[in-house]
Amino acid sequence: MIDRNIIRALVVETPSVPGNLGKVATAIGMAGADIGEIETVQVGTTSTLRNITVHCENEEQLKEVLKAIRGLKGGIRLHAVSDDVLRAHEGGKIQMKSRLDVRSLADLRRVYTPGVADVCRVIQKDPEKARLYTGIGNSVAIVTDGTAILGLGDIGPVAGMPVMEGKAVLFDRFAGISGIPILLSTRDPDEMVRTVKNIASGFGGILLEDIGSPHCFEVEERLKRELDIPVMHDDQHGTAVVTLAAVISACKSAGVNLKEAVVGQIGLGAAGMAICRMFMAYGVRQVLGADKSDVAKERLAEYGGEPVGTLQEITERSDILIATTGVPGLIKEEWIRKGQVILALSNPKPEIEPETALRAGAAYAADGRAVNNVLGFPGIFRGVLNARVPKITHEMLMAAAEAIAESTKEGELVPHPLNPRVHELVAQAVETVAQKKKS
Ligand SMILES: NC(=O)c1ccc[n+]([C@@H]2O[C@H](COP(=O)([O-])OP(=O)(O)OC[C@H]3O[C@@H](n4cnc5c(N)ncnc54)[C@H](O)[C@@H]3O)[C@@H](O)[C@H]2O)c1
Ligand SMILES: O=C(O)C[C@H](O)C(=O)O
Ligand SMILES: [Mg+2]
């Protein structure tokens, strides 16, 4: 089991005699931590230097690991401890790079002035040509106001930038799209809509990210109505697509008819409300919802869902329970019923650890690292950008969910996000629906 919260790279020297690396590994394991990659940096005649990545639950466990390694005798030495995650972020995760070389004056004239002026005139005469002669058609703005960064809450757009850069990395790696973070220093819906509209002509699409509820609903609705390029709030629809896909797979494996099952959703914010609406649109007859906000529960009732008073009650009544509250440990082990599907999707920490839910009798359990909107948004945007359609429709989102479910191996909930085929299949499914809509 890997994927713990604290990741550190340890530089460890051991005598070049078999068995010494084993002693280090045992010390790490005895402290309860996991080992990630091991890289041999230097093999000398007397000693060997390695970078060992460790994954720990918390700071205390890391301290135990370091103490255990420092306590090893016989020439084993811990030289340095570095924070791998922080190191990977140094200088930022993305950069704008030129696709062309500029080696000669002729290159300069072709890439820039005076050559570029002709291209400007071509686009001025026929604005559609911007798709051909600029990167606009392949760029998506990743827009946040920083009000609901993961489950960290309202930490502001600059502190949220690592998440936005991360989404840009995923766009690039999984769909070949240029994702460009846009940080909004306002949370006023009017100003947000005005700002995004004023920059939209430079993009082929808009991905709204980590914008809190309820203002995210208004901002997305207005932008979708007022812009002629695809707009999607990832935390709403990207999440709903992947959640539906995971539940379709779980029901298939368990031989359960999803439409007859009781689906309970804890947390009726951006992600939760969209998940409820997705399941209702799929045909699930009983969708229950709980939230600490009465306004959120009233909104659910308006859409046709059933508000429930307590978390214990909703957990007990649901065959499939989903949580997106941002509150770690909110679901108690003793509330879980045998055979339930539990998706505790809050990042960075779930409402209940999957192992705990499974131990308590759940048939399937997953957290937000596995059931994650990374399986949806890159392919969805690839599909609509390829088809050059102005909107992402409900049918496209359903097609994306079905493509993810179809790519899932028997007995698993979702496919592996590093499998490029998944993103291709999502893109193809979305593009097919989009092309039909056009014709
Ligand atoms: N796995 C994924 O792909 C994915 C995608 C989107 C969001 N998320 C996670 O979901 C969480 C919420 O994100 P969001 O964008 O919907 O945020 P949000 O702020 O829009 O919604 C959170 C909702 O939870 C409710 N809530 C908070 N504490 C509660 C409690 N103790 N009991 C009941 N309700 C409570 C709030 O009232 C709010 O309605 C975050 O942790 C985020 O990381 C995961
Ligand atoms: O960013 C993620 O990992 C998923 C999601 O968008 C979230 O806000 O948690
Ligand atoms: Mg998000």
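In the predicted model, helices α10 (234-254) and α11 (270-282) each contribute at least two residues to the shell around ligand 1, and of these elements α11 is the one that gives the most to that shell, with 3 residues. The shell as a whole comprises 31 residues, of which the closest to ligand 1 are Gly 151, Gly 267, Gly 269, Ser 346 and Gly 368. Sorted by class, the surroundings of ligand 1 consist of 12 nonpolar, 16 polar and 3 charged residues.

The domain assignment divides the protein into domain 1 (6-89), domain 2 (122-229) and domain 3 (241-439). With respect to this division, at least three residues of the shell around ligand 1 are drawn from domain 2 (122-229), and at least three likewise from domain 3 (241-439). Between the centres of domain 1 and domain 2, taken over C-alpha atoms, the separation is 41 Å.

For ligand 2, the surrounding residues are Leu 150, Val 163, Asp 210, Asp 234, Asp 235, Asn 347, Gly 368, Asn 372 and Asn 373. This shell is made up of 2 nonpolar, 4 polar and 3 charged residues. Because both domain 2 (122-229) and domain 3 (241-439) give residues to the shell around ligand 2, this ligand lies between the two domains. Gly 368 is found in the surroundings of ligand 2 and is also listed among the closest residues to ligand 1.

An open sheet is formed by 6 strands, arranged in the order β11-β10-β9-β12-β13-β14 and paired in parallel. The edges of the sheet are occupied by β11 (306-307) and β14 (364-367), each of which has a single partner strand, so that one side of each is left without a neighbour in the sheet. Within this arrangement, strand β9 (residues 262-266) runs parallel to strand β10 (residues 286-290), to which 5 bridges join it; in this pairing, Val 263 has Val 287 of β10 as its bridge partner. In general, the strands of a sheet pair through backbone hydrogen bonds, in either a parallel or an antiparallel manner.

Towards the other end of the domain list, the UniProt record, in an unreviewed entry, lists residues 9-84 as "domain: ACT". Over residues 9-84 the chain is 32% helix and 45% strand, and the C-alpha atoms at the two ends of this segment are 6 Å apart.

Conventions. Residues are numbered from 1 along each chain as its sequence is written. Chains are lettered from A and ligands numbered from 1 in the order in which they are written. This is a predicted model: local features need pLDDT of at least 70, side-chain atom pairs count only at pLDDT 80 or more; totals for chains, interfaces and linings use all residues. A residue is near a molecule or strand if its C-beta atom, placed from the backbone, lies within 6 Å of it. Ala, Val, Leu, Ile, Met, Phe, Trp, Tyr, Cys and Pro count as nonpolar, Asp, Glu, Lys and Arg as charged, and the others, Gly among them, as polar. Domain bounds come from an automatic or database domain assignment. Helices (H or I, at least four residues) and strands (E, at least two) are DSSP runs, numbered from the N terminus. Two strands pair if DSSP finds at least two bridges between them. UniProt positions are given in the numbering used here, feature names are shortened, and annotations may be inferred rather than shown by experiment.
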